[in-house]
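Subject: Structure for your review

Dear colleague,

Please find the structure below, together with its sequence. I should be grateful if you would look through it alongside the notes that come after.

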Amino acid sequence: MATLRFSPFLSNSSSPPLSPLYPSLLPSRQFSPFKRLHLQRSLSISRSRFLSFALAESDSAKSLEEDSIQPLLQELSDCLKLPPDFLSSLPNDLRVDLNDAAFDLSNGPVLDECGDEVGEMLLNLSRAWERADTSTSNSIAEKLPCIESSLKGRAKLALGKRLVSAGRRFQAMGQYGNGEVQKIANSMIKTGKELSKTPVIVTDEEPDRKSKKLKFGEIEFELTPEKANIGAAVGVLFGVLSWALTQGVQSIPESSMQYANDNALMLAKSLRGALLVLCYSSTLLSGFTSIGLLLLGRQLSNENKPE
């Protein structure tokens, strides 16, 4: 008696799935639990190695970027160390260029742009150049490598621009001595260009408003609305005192002046007239000064208001 054998392709829906017999027909490969665990561990190790390598590359690039400033500052410091009395021995035309370089190095709001430490160093160095004080200039130049930690962001960019501008002044001096001037120029320009490459991150935060300052020689103070109003009040008080003194002098009649001779009388009248002119002028100047300070205080108040 013949028997019928059913092929797997003719099995009904209750038959086992085709995956054990035909793994190649599956859309994705399936692994045993041991192989799956081994594969996951391999992927995890590869991913961790890749991240470690990327972090190491990032840290090394960052360290190279930070360390690249120190040799430039050290080179500039070495170039600025000049022989004794070198600056004072410069000819008059080179002294003019040296003063221009000092101006380019420290003009404007140097403390606001470069920070207190770097700005103060630039101011002291420019004063030493203006006085042709080589000793002070050398002592300040020795501290240049120490300002690396203070050069961040905009301060680094501002210092770079100032160094390039001052370096071009030294470059215009030409050859002098043993080439010290040109060494300073080349080092300043190279360092300044390298610092100027620093990218500045633009944020939505409002930048600090620059304060206005008045400078009289070595004395420097900040202008604020309160100080302007106080100055206006002092001007008004001084004007009132000058006006009162004027009225007191003017109330003295000339007929009451009695002197031994005519020369003494003429001298007294001349002094009285000069005192009246001086008091009237002081009153007018005090009035104009008070008005100007009030207007300045209002302008500073409007500038400090947020937009």
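The notes below concern a helix pair and two individual residues.

Please bear in mind that this is a predicted model.

The helix pair consists of α5, residues 116-130, and α6, residues 134-141. Their axes lie 8 Å apart and form an angle of about 155°. Because angles over 145 degrees count as roughly antiparallel, α5 is described as roughly antiparallel to α6. The crossing of α5 past α6 is left-handed. On the α5 side, the contact involves M121, N124, L125, A128 and W129, and these residues meet T136, S137 and I140 of α6. Of the residues in this contact, five are nonpolar and three are polar, while none is charged.

The next residue to note is D104, which is located in helix α3, residues 92-106. D104 is buried, its relative accessible area being 11%. Its side chain forms a polar contact with the side chain of S165, at 3.2 Å. When neighbours within four places in sequence are set aside, the contacts of D104 are R162, S165, A166 and R169.

The remaining residue is S196, found in helix α8, which spans residues 180-196. With a relative accessible area of 27%, S196 is partly exposed. S196 and A158 are 38 residues apart along the chain, yet their C-alpha atoms are separated by 7.5 Å. Not counting residues up to four places away in sequence, S196 touches L157, G160 and K161.

Yours sincerely

Methods
Residues numbered from 1 in each chain as written. Predicted model: local features only at pLDDT ≥ 70, side-chain atom pairs only at ≥ 80, totals over all residues. Heavy atoms only, no water. Axes fitted to C-alpha atoms, helices over the stretch in contact; angles between N-to-C directions. Helix = DSSP H or I, 4+ residues; strand = E, 2+ residues; numbered from the N terminus. Parallel < 35°, antiparallel > 145°, perpendicular 65-115°, else oblique. Left-handed = near helix turned anticlockwise from the far one by under 90°. Contact = heavy atoms within 4.5 Å. Nonpolar A, V, L, I, M, F, W, Y, C, P; charged D, E, K, R; others polar. Buried < 20%, exposed > 50% of the residue type's maximum accessible area, 1.4 Å probe, protein only. Polar contact = N/O pair within 3.5 Å; in protein donor to acceptor, adjacent residues only side chain to side chain.
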